[in-house]
Amino acid sequence: MSLDNLSNPDLLTDLWIGGKAVPASDGGRFDVLDPATGRVLTTVADGSVDDAIAAVDAADGAAAGWAATSPRERAEILRRAWELMTEQADDLAKLVTLENGKALADAKGEVAYAAEFFRWYSEEAVRAVGQLMTAPSGANKIMVLQQPVGICVLVTPWNFPAAMATRKIGPALAAGCTVVLKPASDTPLTALAMARILDEAGVPAGVVNVLPARRSGAVVSAMLHDPRVRKLSFTGSTEVGRVLLKEAADQVINCSMELGGNAPFLVFDDADLDAAVDGAMIAKMRNGGEACTAANRFYVQRGVAEEFGRRLAERMTALRMGPGLDDGVQLGPLVNTGAVDKVDELVQGAVDAGAEAVVGGRRPEDAAYSDGFFYEPTVLLGVRPGSPILDEEIFGPVAPIVTFDDENEAIRLANATEYGLVSYLYTGDLARGLRVSEALDSGMVGLNRGLVSDPAAPFGGTKQSGIGREGGHDGMLDYLESKYIAVTW
Ligand code: NAD
C-alpha cells in the first residue's frame, strides 16, 4: 500500500481488520469534524459489535504466528515503522491538526514523540529478559520466562491521536502480542493512518486491527467479554476508566489504565522566575492545554505570586490563536463544542466565586472564530479553594493561580486531589526540590521542567490517575506475563 497523501482525510476511512480496509458490517458511518471550522471533514465507518468480534478473530488468527517471530524480526519491523513515520511526519502532523485542531507545531511535536515509541520498542523487543536462579532450598532451579500476554484491546483518547496509539502498539508488538485498537471517535483518521504505516513496515495481516466506533461502550464491552482477549490498555478519563475496570473484572482481564490528571505546578520564591514562566507555558499550553499532564493548578509562593502572574499573563496574551494549519498559529481550537462549554463553565464558576480573569476568561468575540471551537488563553488570579476549577481537569488554555506561604502548605495543597499523574515544581534549592518531589503523591514529577513525557521513561500515575506504566522498559513488561518453571536437573 502506498503512503502517498497521508494527510488526505478521505484516503482511508473504513475499518482496518485482518490487513484490509472494510466497511462496517451494518454500513454505519459517522462524521469527523474539523474543530477549526465545525465543518465535516469526512465520514468514517462505525464499527459494530460484529465488527469488533471480527477484529478479535483477526487478532486471534495472527497471534500464534506473531508470537513465534524472532524478537529481532519484530524489532526490525518496528524500526521500519519509526522510519516511515519520520519520513511522513509532515503529512501525519497535518492529519492530526485537521481532526484534532491543535496547532501544527504541536502536531509535529506529537508525531515525532509518537514515532519514538516505535524506535524505543524496536530496541526493547530484544530485551524481554527472564531469570534463572537456584531455589533457596537448593532442591531445584527457578526459571522465569517472559511471554506475550495475548490479544490486547487498546482504547485511546482524542488528545494525542498518534502518540497514545503508538505508546500502546509499540510495546504490544515488541512483546509479541496482537491488538485491536479502538481510537476516539473525534480522531479516528490518525489511527487509520498508523494502520497503513504499520502495514507498509511489514506488520503481518491481523496483528494490528483498528476499529473506529461511535458505539464505544457496546464494542469495547463485547471484546472484554470475549474469552480470547487477555489485556485491556486504556487511556482516557478516570470516569470511563472506572467503567472499563468493572467490565474487565468479569473475565479478570489484565488492565493498564492511563487516566485523568490534575497536575499542580509549584513555584517557590527561590525559583528562577524566567525558567518557571517558560516551564509554565509548556506545562499549561502544550496541546492548547488538552493534555493529561497539563498544569491544572498553579500554586505560587506569596513573595513571587504577583510577578509570576503578571509575566504568565503577558506570555498568554502574546499567543497567536487561530486554525491550527495557519502559519504561526500557537493555539488552535479545542476539540469540540462540549469541550468549550466545559472550560467556560469552570472559568465562570471560579470568577463567580471571586477569582479575577486578568487575561481571557471567555470565548473569542471576533467573528473569525465563530464557527470553530475556540477559547481565549486565560489567567485567573485569586482562585478560591474549593472552586471546581481546582478539582477537575480543565483541558483548556486556562491557568488558575493560588498563593501559598510555606513548603508544607504547598505539598498539602498539591496532594489534595484524587488524581496523581504528574506534579511540577520550580525552586533554586536542589535539596528542597528533591524533598518536595519525594513528598508529592504522583507517578511523575517535573523538577525545574515543564515537560516530563519521554518514550524512554515510565509514564503513569498514582491514585485515580491509573494503573501501570507506559514507555521505558516498564512499558513492555505491561504486555508480558512471567512464566515460572520449577526444574530439577
Ligand atoms: P474518554 O474517557 O471520554 O474516552 C477515551 C476513550 O474511551 C475513547 O476512545 C472513547 O471513545 C472511549 N470510551 C468512552 N466511553 C466508553 C465506554 N463506556 N466504554 C468503552 N470505551 C469508551 O476520554 P477523552 O475525552 O477521549 O480523553 C481525555 C481524557 O483522557 C482526559 O481525562 C485525560 O486526562 C485522559 N488522558 C490520560 C492520559 C494518560 O496517559 N494518563 C493521556 C491522555 C489523555
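Start in helix α10, where R310 and E307 sit three residues apart, about one turn of the helix. Their side chains meet in a salt bridge, with N to O at 2.9 Å. This is a predicted model, by the way, so every value here is computed from predicted coordinates. Neither partner is shut away from solvent: R310 has a relative accessible area of 43%, which makes it partly exposed, and E307 counts as partly exposed too, at 27%.

Now look at the other end of that helix's residue range. Helix α10 covers residues 302–317, and R302 has its own salt bridge, this time with D405 (2.8 Å, N to O). What does this pair tie together? D405 lies in the loop between β16 (398–404) and α13 (407–415) while R302 belongs to α10, so the bridge links parts that are 103 residues apart in sequence. As for accessibility, R302 is exposed, with a relative accessible area of 51%. That value is just past the line, because exposed means over 50%. D405, at 41% relative accessibility, counts as partly exposed.

Right beside R302 in the numbering comes Q301, in strand β13 (residues 295–301). Is Q301 buried or exposed? With a relative accessibility of 8%, Q301 counts as buried. Setting aside neighbours within four places in sequence, its contacts are V267, F268, D269, F404, D405, D406 and R432. You'll recognise D405 in that list: the residue that touches Q301 is also the one bridged to R302.

A further salt bridge to click on is R362 with E376, whose closest N and O atoms are 3.3 Å apart. Both residues lie in the loop between β14 (356–359) and β15 (378–381), so the pair ties together parts that are 14 residues apart in sequence. The two partners fall into separate accessibility classes: R362 is partly exposed at 38%, whereas E376 counts as buried at 16%. Some bridges also share partners, and in this way D274, E307, R310, R311 and E314 are joined into one network. That brings back the R310 and E307 pair from the opening. Over the whole structure, a search finds 24 salt bridges.

While you're around that loop, have a look at A357, which lies in strand β14. A357 and T378 are 21 residues apart in sequence, yet 6.8 Å apart in space, C-alpha to C-alpha. Leaving out residues up to four places away in sequence, A357 touches V379 and L380. At 33% relative accessibility, A357 counts as partly exposed.

Time to zoom out. The domain assignment gives domain 1 as 3–259 + 465–487 and domain 2 as 263–454. Their centres, taken over C-alpha atoms, are separated by 30 Å. The contact takes 25 residues from domain 1 and 30 residues from domain 2.

What holds for the chemistry of that interface? Domain 1 and domain 2 bury about 2,100 Å² between them, with 59% of it on carbon and sulfur atoms. How many salt bridges cross the interface of domain 1 and domain 2? The rule finds zero. Polar contacts are there, though: nine residue pairs are counted between the two domains, both residues being at pLDDT 80 or more. On the side of domain 1 that touches domain 2, the elements giving two or more residues are α3 (89–100) and α4 (104–124). Of these, α3 supplies the largest share, four residues. By type, the residues on that side of domain 1 divide into 10 nonpolar, eight polar and seven charged.

One last stop is T178, in the loop between α5 (163–175) and β8 (179–182). T178 is buried, with a relative accessible area of 1%. What does its side chain reach? It gets to the backbone oxygen of A59, at 2.9 Å. Not counting residues up to four places away in sequence, T178 touches A59, A62, A63, W66, G150, I151, C152, G206 and V207. A59 therefore turns up twice, both in the contact list and as the owner of that backbone oxygen.

Terms used: Residues are numbered from 1 along each chain as its sequence is written. This is a predicted model: local features need pLDDT of at least 70, side-chain atom pairs count only at pLDDT 80 or more; totals for chains, interfaces and linings use all residues. Side-chain values use heavy atoms; hydrogens and water are left out. Domain bounds come from an automatic or database domain assignment. Contact means heavy atoms within 4.5 Å. Buried area is the accessible area (1.4 Å probe) that two parts lose on being put together, summed over both. A salt bridge is a side-chain nitrogen of Lys or Arg within 4 Å of a carboxyl oxygen of Asp or Glu. A polar contact is a pair of N or O atoms within 3.5 Å; within protein, one must be able to donate a hydrogen and the other to accept it, and residues adjacent in sequence count only if both atoms are side-chain atoms. Ala, Val, Leu, Ile, Met, Phe, Trp, Tyr, Cys and Pro count as nonpolar, Asp, Glu, Lys and Arg as charged, and the others, Gly among them, as polar. Buried means under 20% relative accessible area, exposed over 50%, partly exposed in between (1.4 Å probe, protein chains only).
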